[in-house]
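Q: Please take a close look at the surface of this model, with attention to where nonpolar and charged side chains gather. Please then relate that surface to the helices and strands that contribute to it.

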Amino acid sequence: MSPAPALTIENLHIGFQTPSGLVKAVRGVSLSLNQGDIVGIVGESGSGKSVTALSLLKLLPPARVLRKKGAITLLGRDLDALTDTDIQDMRGRDASMIFQEPMTALNPVRRIAAQMCEVIERHTDLSRQDSVKRGRALLSEMQIADPHRIMESFPHQLSGGLRQRVLIAMAFACDPKLIIADEPTTALDVTVQAEILRLLKEKARDRNASIIFISHDLAVISQLCDAVYVMQQGRIVEHGETAQVIHAPRHDYTKALLGAMPETKVSKARAAQKHPAEALLTLKDISLTYSLQGGAASVHQAVKGVDLTLRRGQTLGLVGESGCGKTSLAKITAGLIRPSSGALIYQDQDITFNRRHMDRQDIAMVFQDPYSSLNPRLRIWRSLSEPLTARRRMPREKMRAAAETLLQMVGLDA
C-alpha cells in the first residue's frame, strides 16, 4: 500500500477585500505532493504562488481573507479541522517555511542565536547549550564560514544572502517532513545558490522530506524539482514532470516564461563595445569598517580599498558572494552611509562627506528587498509621486498621472 501524499490541495479559492473590491488571488488550485518528492510552483509575480504557500500553514491574516474554499490535507490531517494550538505545534516541527523576504523575516532586535534556539527548544528537548551547538552545525551546513560570529550577530549586521541562509537553516532545525520554500535562493549569488539547491535536495532525500519550491525562475526549478505546476492569474495552467514541461510545454503562458529566460551568452558585439566617454563617478580607495560587539577591538571590514570608475552611458556590474561588500559599496555610492576612508568623485566634485552641492535625483537606488523598501502607510501612487514633490508642490491630479505613467513604464496595471 503506497503512503498517503504529504500534501493535497483540492479546488482552493482565496479572495481578498481591497479598496477596489474583491481580488481573487487563487482560483481553483489543485495539486498533490508525495512523500519525499520536490515539486515546484512557478509563475510571474502576482500569479498567486505565495498566497497558496502561506495558506498551507494558515499564515494569511484572517481579517483580510474575504473568501476561502477548498480543502488542504497536510501530512494526513485536514488543515481546517486543526485548532490554533495544533497549528502552532505543527509549524516548525512537521512543516516549516523558508520565507521570501530575508530582510524582514528575522526579528531585528534579537540575535540569531536566540531566534534559532527558540525554534529548536520549542519542538525538542534539547538544552540551550545543545540548541546553540545544533544552530552552529546548521549554519555550517549552509556554507556559512563563521557560524560563531553569525550566531552572535543581529540581522542588520548580515547581508541579505546570509540572512536567507539563516532562514533556510532554521527551516531544517527540527527535521520537518514538509518544507515550503518561497523563493529561497533569490537573494543568493549564483555559486551559493547552486550549493543551497544541492543541500536542499540532499536533505530532502536523507530525511525523506517533501519540498514545495516556489519560484519565478524556471532554470532553478529545472535543477531541483521532480514535477512543476505553472500558475497564471491564480490558476494552474499546466503541470507535469519538470523535463516534460520545460522541453515540451503545452500552454502558451509556459512557453512565454521559457522565452523570457535570459540568454547565457553575451553578444560579442556588446562585449567588444568601447566606452571612451568621460568619467561620471570615481571611487578611490573606498573602505568601510564597523565595530562588532566588544568595541574597537572587535571590528568587521565590509569594504577594503575599492577603486572603480563609471563612465557616462556605461552599465557596470558588481558581482560576488553574499557578505563580500557589494551592498555596502552601493549604499556608500548612494550617500546612505559614509565610508571610513577614501573618496567619491562625481562629475569632478568630491562628494564623499558633503553632498549639498549635488542634486539628490542624480543618484538613485533600487533596493534589494521590496518588502521593506516601500512605506507601508502610503498607497503606491503616493510613494511613487513623493520624489516629484521633494522640491516643489504639485497638484494631486498631476501626481497621480505621473505615478500611473511610471507604473505603465514597468508593465504594471495602474
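A: Leu406, Met409, Val410 and Leu412 together make a nonpolar patch of about 410 Å² on the surface of this predicted model. One of these residues, Leu412, lies in the segment that follows α16 (396–409). Leu412 has a relative accessibility of 49% and therefore counts as partly exposed, since that class ends at 50%, above which a residue is exposed.

A patch of another character is one of positive charge, where Lys24, Arg67, Lys69 and Arg235 gather on the surface. Among them, Arg235 belongs to strand β10, which spans residues 235–241. Because its relative accessibility is 41%, Arg235 is classed as partly exposed.

Helix α11 (residues 252–259) shows how burial is distributed around a helix axis. Its buried residues are Tyr253, Thr254, Leu257 and Leu258. These residues lie on the same side of α11, because the arc they cover around the axis is only 140°. In general, residues three or four places apart point the same way, because an α-helix has 3.6 residues a turn. The exposed residues Asp252 and Gly259 are carried on the face of α11 that is turned away from the buried side.

Helix α6 (residues 147–151) offers a further site, for it contains His148. With a relative accessibility of 46%, His148 is partly exposed. In sequence, His148 is eleven residues from Ala137, and the C-alpha atoms of the two are 9.9 Å apart in space.

Conventions: Residues numbered from 1 in each chain as written. Predicted model: local features only at pLDDT ≥ 70, side-chain atom pairs only at ≥ 80, totals over all residues. Heavy atoms only, no water. Patch = residues over 30% accessible without salt bridge, like charges linked within 9 Å, V, L, I, M, F, W, Y side chains within 5 Å. Areas by Shrake-Rupley, 256 points an atom, 1.4 Å probe, with all protein chains shown as cover. Salt bridge = Lys/Arg side-chain N within 4 Å of Asp/Glu carboxyl O. Lys, Arg positive; Asp, Glu negative; His and termini not counted. Charge placed at Lys NZ, Arg CZ, Asp CG, Glu CD. Helix = DSSP H or I, 4+ residues; strand = E, 2+ residues; numbered from the N terminus. Buried < 20%, exposed > 50% of the residue type's maximum accessible area, 1.4 Å probe, protein only. Arc of directions from axis to C-beta.
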